6 protein chains.
Amino acid sequence: MRVTTFGEVMLRLTTPRRERFNQARALEMTFGGAEANVAVSLAILGDEATFVTRLPKNDIAEACIQELRGLGVNTRAILRGGDRIGVYYLEAGASQRGTTVTYDRAGSAITTLDPSEIDWPALLAGNDWFHFTGITPALSDAAAQATRDALKAARALGVTVSCDLNYRKKLWSPAQAQATMSQLMPMVDYCIANEEDAEKVFGIKAEGAEIEQGRIDHDRYIEVAAALTKKFGLKGVAIALRESFSASRNGWSGLFYKDGQACFSRRYEIDVVDRVGAGDAFGAGFIHSSGLKRTPQQIVEFAAAASCLKHSIFGDYNRVGRSEIEALLGGDGSGRVQR
Amino acid sequence: MRVTTFGEVMLRLTTPRRERFNQARALEMTFGGAEANVAVSLAILGDEATFVTRLPKNDIAEACIQELRGLGVNTRAILRGGDRIGVYYLEAGASQRGTTVTYDRAGSAITTLDPSEIDWPALLAGNDWFHFTGITPALSDAAAQATRDALKAARALGVTVSCDLNYRKKLWSPAQAQATMSQLMPMVDYCIANEEDAEKVFGIKAEGAEIEQGRIDHDRYIEVAAALTKKFGLKGVAIALRESFSASRNGWSGLFYKDGQACFSRRYEIDVVDRVGAGDAFGAGFIHSSGLKRTPQQIVEFAAAASCLKHSIFGDYNRVGRSEIEALLGGDGSGRVQR
Amino acid sequence: MRVTTFGEVMLRLTTPRRERFNQARALEMTFGGAEANVAVSLAILGDEATFVTRLPKNDIAEACIQELRGLGVNTRAILRGGDRIGVYYLEAGASQRGTTVTYDRAGSAITTLDPSEIDWPALLAGNDWFHFTGITPALSDAAAQATRDALKAARALGVTVSCDLNYRKKLWSPAQAQATMSQLMPMVDYCIANEEDAEKVFGIKAEGAEIEQGRIDHDRYIEVAAALTKKFGLKGVAIALRESFSASRNGWSGLFYKDGQACFSRRYEIDVVDRVGAGDAFGAGFIHSSGLKRTPQQIVEFAAAASCLKHSIFGDYNRVGRSEIEALLGGDGSGRVQR
Amino acid sequence: MRVTTFGEVMLRLTTPRRERFNQARALEMTFGGAEANVAVSLAILGDEATFVTRLPKNDIAEACIQELRGLGVNTRAILRGGDRIGVYYLEAGASQRGTTVTYDRAGSAITTLDPSEIDWPALLAGNDWFHFTGITPALSDAAAQATRDALKAARALGVTVSCDLNYRKKLWSPAQAQATMSQLMPMVDYCIANEEDAEKVFGIKAEGAEIEQGRIDHDRYIEVAAALTKKFGLKGVAIALRESFSASRNGWSGLFYKDGQACFSRRYEIDVVDRVGAGDAFGAGFIHSSGLKRTPQQIVEFAAAASCLKHSIFGDYNRVGRSEIEALLGGDGSGRVQR
Amino acid sequence: MRVTTFGEVMLRLTTPRRERFNQARALEMTFGGAEANVAVSLAILGDEATFVTRLPKNDIAEACIQELRGLGVNTRAILRGGDRIGVYYLEAGASQRGTTVTYDRAGSAITTLDPSEIDWPALLAGNDWFHFTGITPALSDAAAQATRDALKAARALGVTVSCDLNYRKKLWSPAQAQATMSQLMPMVDYCIANEEDAEKVFGIKAEGAEIEQGRIDHDRYIEVAAALTKKFGLKGVAIALRESFSASRNGWSGLFYKDGQACFSRRYEIDVVDRVGAGDAFGAGFIHSSGLKRTPQQIVEFAAAASCLKHSIFGDYNRVGRSEIEALLGGDGSGRVQR
Amino acid sequence: MRVTTFGEVMLRLTTPRRERFNQARALEMTFGGAEANVAVSLAILGDEATFVTRLPKNDIAEACIQELRGLGVNTRAILRGGDRIGVYYLEAGASQRGTTVTYDRAGSAITTLDPSEIDWPALLAGNDWFHFTGITPALSDAAAQATRDALKAARALGVTVSCDLNYRKKLWSPAQAQATMSQLMPMVDYCIANEEDAEKVFGIKAEGAEIEQGRIDHDRYIEVAAALTKKFGLKGVAIALRESFSASRNGWSGLFYKDGQACFSRRYEIDVVDRVGAGDAFGAGFIHSSGLKRTPQQIVEFAAAASCLKHSIFGDYNRVGRSEIEALLGGDGSGRVQR
């Protein structure tokens, strides 16, 4: 399947060994961003994945592109220019101490792009799928405009569109998010979300859901999915369900709501190595499996298994192959040694 | 609040990645010691914390002082002289393999101090609180004498005094401990202890308590606290309650016994990163919260939450701010990502 | 006790911090191999352990021998020659992602040895025990011949012989294994195995056992042990029982079947640091304890405790002393700090 | 001596082991900036050094402040606010490959300060010396205004002022630099510069100087110093003279021109560990020694020796004490072991 | 320019920090091999570089391919199959201690390829240049046959061919080398060599050359180049001239002999970070510059400058861009900081 | 040759990458001490080397013994007991910044040994050589007594004795050194020294020698050697001649004075990786080569070459084999790659 994603990729600087910033003498250097993460996952799964972004002409951006290209992502559509690559600092938590993320992404190259620089009809021609998240239009007016242009081109070309709501309160207010996203959602086929996103962006809140306590109430999530579907005429809604017992231990499963049916995946008990990017891994699993025309149940199982494995891998990218996901789907979550 | 602590700070050399000593090629270099740990916690929590010790004039001691000063501790009262900084080697355990500590602290600078060098009345003037642990008087006669002098000055100045019993069998015998500590305790307001301490130092043992099995029997701990209170006319006793399931997993909570009332904190299930210094973090939380004139229940909850978070941080020092403790107190122990 | 083991020792290259191979910039360098691991454990436990293998004349092999010698293993019987030391690449898993092992051992020095180079009667004279695993005869015809020669010499000298079946599907087929091992087993006193081994090598399968699900069905294992005992006239069979909940968490216990009696050890819940070599640690614990003429129950408890602790140590070797095992046997699995 | 410096401090991210950015998996985390570097040097040399800047309220800035405080710098005047701490990426060169610096400092907290927030008369009261570099006024109009305010206050209070020209072509053009700096220089007592600075900022170029070839032509530098002195009525000019043979080897010496006399220091042949910050170390040595009322020759010797040693230390800060500088001044540049 | 190279790429395992093997606890993991190194250099310089080899289907080979792809090399023609990736262990020397290389490449995937698997005419169609070294035909008969096939196809298509003699005594004897290489050389246009190669492979030895002493005698090298040219009707011969003063310091320059003219490059004094791959960087510089139709003097200067910079970079690959080489050619070898 | 050495071995803690102590977050962990270093060198060179010391019963000492045993040293005569292993902290210098050593060895296990515990006649029976340095008798009266006992036993058994003066001003005064060493020297056959030692211990100073400037004046050293020989009736004196240009670059050579003849070795220009232990490597080379009955010129050449190579190796131990030394002696100091 040919898939294009559009968004920002940042330098991620992580304190080693779950250290606090004032203990660290070095920072682990990786790269990541919601849409880049999806592109990497898809490339590893065997799809033809193109990632569109804008990056400055410097050595750090070069290193980022090299890694993406090495992982199989088509990087030829990446625009070069602007002043800086966005940065985010990550201090991985443990036990009761949560992971903290400090963004330093203002003024990054993608925020100052000229939307007319991207010829979306040419870029998306021959594509099967286009994916973005709510982060991209939140970055700047230019980025929002480019997203709109992309969606229009995708619609015109019959390319399937998915959007992960990904609400980020540091980028925009709920009101701003709603104003912009409400324009975009009618051009979207599949929405990926969590309950908090739906509430923050569209005021859709299931009664009584208590995500703080880590309990999953299936009915509430079905309500949210149904409301989103109805509001925007979506083909389906996929929701990743995280139960945060602590920074070290999570429960994890997924829901795919389509045609009035709600399919819940198997639930995993996870010892967390790195949970950042797990939502993107879920989205990528969803897209990949959808491309294979699997049943809704198969799709959500694949998405949940792929993203379950992401938790065991350092960095934003889900460096997991199809055979590993299929082994987990086939029932082997025992972590036995593969000799 | 202005607080002064007095004791030894050592170079801590930890094998990396839970390695055994005969695997290690490098040792992590941090510093710590019961009273220094308390001072650091208090400084981070916003108190004016002064740490009194004696350190030699060499580069290792200099590095230790620089770190303390950087963390906000007032280091101006540290005496310089003597031959060496004490050292302790730490091999962090995992699962059923316990953490091992090898002390090499004999002859350290603090043990050979001249008690008359410290002008306690001047040092403690204007202070609200003085804290020490049972380790300091165990170090040498000179250190014991300096501790006595400090307590007398504190009494005279109306400074509140807390003592963490902290019995160390490699430093002295129960008989020696009892002889010395019995003299000091009447000048103490608040005692911090664990059951083993109370038994070893004062022969106070609750019937039937079985800490080896990791079960916490609330009644037994209340008995111990009551006995300590009565014996020394204390204002209160705080006890940290650890349930050691393995080196990787612990239960953790606290008790504050005051005015005949026993307040138990919430209990935490912890994935241990580094448990050394957790008792000191408990003591610091207790002192800080006491200084804020909170209720006994609030005090023990604050102390337990602060020290719960310590388990997630490498090194002796509890690098945790008030807002993080308050978030945990407010119910968020989910370890969710803070973006 | 004087014990000799015979087999291959390899360079083990492990990705650091559970990284995937395409993330790693360095590989941890240790050494290991089933029979070398047993020799190291025995040397640390105080036995006179001699390890026989063949290694090339190069710096990597030299480093391997130095480490073995440092750990107390007698390395004087190691033959030098051949082209290469075998290598195995290890990517440690986490949570649902299993550990993967990639072997690169073809053509290693031991596979091209000349069996006549080893004077087994001289080597084994004065020995109490000889140990090998099913890996050694699988390496090459020459290695199989040398194993046969060793067993004949051991028999002639009255040396007790143990064999860990250790079936490796990448080295030979079940048919090949059966053909070779069936010749050797009659010269064996004690067999160490897991159920999968017994099935793959000898077609001995207990009905209904479901190791994939991690459940341990005691009766099934007794059946397997009884069948093995009967088939080859063994003195006893020891089986390590692993319950793989995930790559991070395992249950662990052991069975020793002797004289028609089945003794099961205590069961441990383990947070896994490194599970490779745990079976060898079990074997070494079994051999060491057998040499002390303990009861079958004591023997299996010692073997299980020794190998339980192995899971907490990085690398193939079980760097655990007798006092630590005895403390665990004595009931202290709490992982408390040993000051 | 009481000294205040004003400028930006950045997070410095250095590739380890002289790696290129596309090889690095981690970046060394230190902090630095011209005026902060001077403050640290002075604090280590025993002066009361205050550093004024503006930093955001986040964990990275906190870590920066902690390190400065630990090193003895007074950080109480640091303003907190703004969006980000500036970043600079450093790839250390070797042999013929030069070190590269990639700045990402636009929009940092200091650039958006409100000049009226700083009460310079209060801050500088009681100070002996104020130091800044040409970087600060280049950062933003607000920073330039704050610099002007500082100089006016210093003048009014009789505080000696030094300025290191430090021309940075990525921050402003020569024309911009000249316009701004020409206003400030009349309020400066001592100028620290290199020939390139003088030419770029003020068009002062000695005839025939060929710094590209690494040769030092003393007469040319005297010309430049004399011209600067004359143009702005300076009390003196200090110039650090670098001969860049390669990224690994440099020649290093200094010139202090005062009262029509030119004093050149001893010349050092240096094996470079880290040359960034050497100019600042020279400036700090100059200031410290000037404060001690030494002769011009003594002053330039001290400055050159201090900054010579800086080249042997990783990071921007010159972690060198007075006794080490004096030993080098006393003739011991042999690098012998100090036992 | 479109260039294809053919040869082996290996896993390179380097002891960190110039440690000896018996000190190392980890090995740096990079990849390299003469022809892969050339392909990487060319890709970074902007040529379309295709690398042909055979690699097994495992994670280590995958990581190797990902890195090559990331660096811009076309990896689509890489065959997948065989048992193992070749390995070489490297202990970097210092001062008088030379670097040691231990090869473990026997039986690697490329040695067991089926020459008929590669459709050279299709692969080389449209190419401008084909490059190989004397290592490839030395690996196995199959590899030698594939090389012959490649050269025939190149000839037929009019593709320019270059060969770096690269004699490796551990792969074949001089007699074997001569027998094979004498067949191949008539199909080669440009030969890259060092004097030792020419002597070992073809018995061409200049009188009196004394490379052991590190002195370069220009006349001798011209003799060798002339003899090689004459013997095989070459278009030209390029020779890299190393002066090994120690493992830390080398002199470096190049010679290009063409049309009876000998052009020597500028000579560099180098502080060595990593000299492995410098000869390949020289070859790549030669090929790239030849493709630009530069003069012989320009070609040898470019090749020498490119490979001079290689010495400053860890790993086999010359991670250096055209602008950096041109800056060095332009006279800036001063290693000054590029801000 | 069978050789025994007697002295202290310490834990050496080195800041990584030439960092200052206040930058370090970890310390490299190795072991070393003058006499242990000699024993290791001799074992690697093929002699039967026994090292006698006293070490406490803890994990750090265990790790030390394991490494010595691994390197081939006979450790069976090491006494176990006492409180601590001595420690020394090392900050490696660079360029003009010298290496600093901070000792923390007071009260180490060897200082509190009971001389009667060592049965020297039994230990030295069958030995060819006994070696100690001036450090051992300086440690404590008990250590001095044990040294005396050893020398008496050696004399009685006809074992050759060598002593490296190794004056350490932090252990004793010149007067103390002279008093003790004057008793011991008459029992010594060969003295190893540097000029400073001879002057400090015995007041033997050559006129005009100026080692501070790094120049070697051959005549002065011959004078010193002759004076030492005469004073104590020695068979010969060996002196290592260091020229300290900087911490990064040294000149190095040796002198062996015997029978009125002075043999100077070749002189090496060294890029220093780690110079600590070079003197011990010289001593070991001297002893080993003496044992082979080489000529004085051969002996000093071997000693100088062995110790030249030591400078390229991290840690105290000279991990260099005979073939490497012989290659250097044979003229290859070019540091070329050994493939």
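A residue is taken as buried if 20 or more other C-beta atoms lie within 10 Å of its own, and this cut-off is used in the legends below, which describe close-up views of a predicted model.

**View 1. The surroundings of B:L71, a residue in the loop between α2 (59-70) and β6 (79-80) of chain B.** Because 21 other C-beta atoms are found within 10 Å, B:L71 counts as buried. Once its neighbours within four places in sequence are set aside, B:L71 is in contact with B:V40, B:A43, B:I44 and B:Y317, and also with D:Q66, a residue of chain D. One of these partners, B:I44, is 27 residues away from B:L71 in sequence, while the two C-alpha atoms are 6.9 Å apart in space.

**View 2. The surroundings of F:T136, a residue of helix α4 (residues 135-139) of chain F.** With 27 other C-beta atoms within 10 Å, F:T136 is buried. Beyond its neighbours within four places in sequence, the residues in contact with F:T136 are F:F6, F:G7, F:E8, F:E35, F:A143 and F:T147. For F:T15, which stands 121 residues from F:T136 along the chain, the separation between the C-alpha atoms is 26 Å.

**View 3. The packing of helix α10 (residues 296-310) against helix α11 (residues 322-329) within chain D.** Two packed helices are described by the angle between their axes and the distance between the axes. For this pair the angle is about 110° and the axes are 9 Å apart; angles of 65 to 115 degrees count as roughly perpendicular, and α10(D) and α11(D) are therefore described in that way. The crossing in which α10(D) passes α11(D) is right-handed. On the side of α10(D), the residues that take part are D:E301, D:F302, D:A305, D:A306, D:C308 and D:L309, and they meet D:E324, D:I325, D:L328 and D:L329 of α11(D). Sorted by class, this contact has 8 nonpolar and 2 charged residues, with no polar ones.

**View 4. The packing of helix α2 (residues 59-70) of chain C against helix α2 (residues 59-70) of chain F.** Here the helices pack at an angle of about 130°, and their axes are 7 Å apart, so α2(C) and α2(F) are oblique to each other. The crossing of α2(C) and α2(F) is right-handed. From α2(C) the contact takes C:Q66, C:E67, C:R69 and C:G70, and from α2(F) it takes F:Q66, F:E67, F:R69 and F:G70. The residues of this contact between α2(C) and α2(F) comprise 4 polar and 4 charged ones, with no nonpolar residue among them.

**View 5. Two loop residues with positive phi, C:K293 and F:D259.** Most residues other than glycine have a negative phi. C:K293, although it is not a glycine, has a positive phi of about 60°, and it lies in the loop between α9 (278-291) and α10 (296-310) of chain C. Because C:K293 has 8 C-beta neighbours inside 10 Å, it counts as exposed. In F:D259, likewise a residue other than glycine, phi is positive and near 50°; this residue belongs to the loop between β13 (249-258) and β14 (261-264) of chain F. F:D259 also counts as exposed, with 8 C-beta neighbours inside 10 Å.

**View 6. The sides of chain B and chain E that touch chain A.** In the contact between chains B and A, 22 residues of chain B meet 25 residues of chain A. On the side of chain B, the elements that give two or more residues are β15 (268-271) and α10 (296-310), and the largest share, 3 residues, comes from β15(B). By class, that side of chain B has 9 nonpolar, 8 polar and 5 charged residues. The contact of chain E with chain A takes 5 residues from chain E and 5 residues from chain A, and the side of chain E that touches chain A has 1 nonpolar, 2 polar and 2 charged residues.

**View 7. Chain A, with its 11 helices and 15 strands.** The radius of gyration of chain A is 19 Å, close to the 20 Å that the globule rule gives for 339 residues, so chain A is as compact as a globular protein of that length. The C-alpha trace of chain A spans about 50 × 45 × 45 Å along its principal axes, and 61% of the 339 residues of this chain count as buried. Of the contacts in chain A with a separation of 6 or more, 70% are accounted for by residues 24 or more positions apart.

Conventions: Residues are numbered from 1 along each chain as its sequence is written. Chains are lettered from A and ligands numbered from 1 in the order in which they are written. This is a predicted model: local features need pLDDT of at least 70, side-chain atom pairs count only at pLDDT 80 or more; totals for chains, interfaces and linings use all residues. Helices (H or I, at least four residues) and strands (E, at least two) are DSSP runs, numbered from the N terminus. The radius of gyration is taken over C-alpha atoms; the globule rule is 2.2 Å times the number of residues to the power 0.38. A residue is buried if 20 or more other C-beta atoms lie within 10 Å of its own, exposed if 12 or fewer, and partly exposed in between; C-beta atoms are placed from the backbone. Two residues are in contact if their C-beta atoms, placed from the backbone, lie within 7 Å. Ala, Val, Leu, Ile, Met, Phe, Trp, Tyr, Cys and Pro count as nonpolar, Asp, Glu, Lys and Arg as charged, and the others, Gly among them, as polar. Axes are lines fitted to C-alpha atoms, for helices over the stretch in contact, and angles run from 0 to 180 degrees between N-to-C directions. Angles under 35 degrees count as roughly parallel, over 145 as roughly antiparallel, 65 to 115 as roughly perpendicular and the rest as oblique. A crossing is left-handed if the near helix is turned anticlockwise from the far one by less than a right angle, and right-handed if clockwise.
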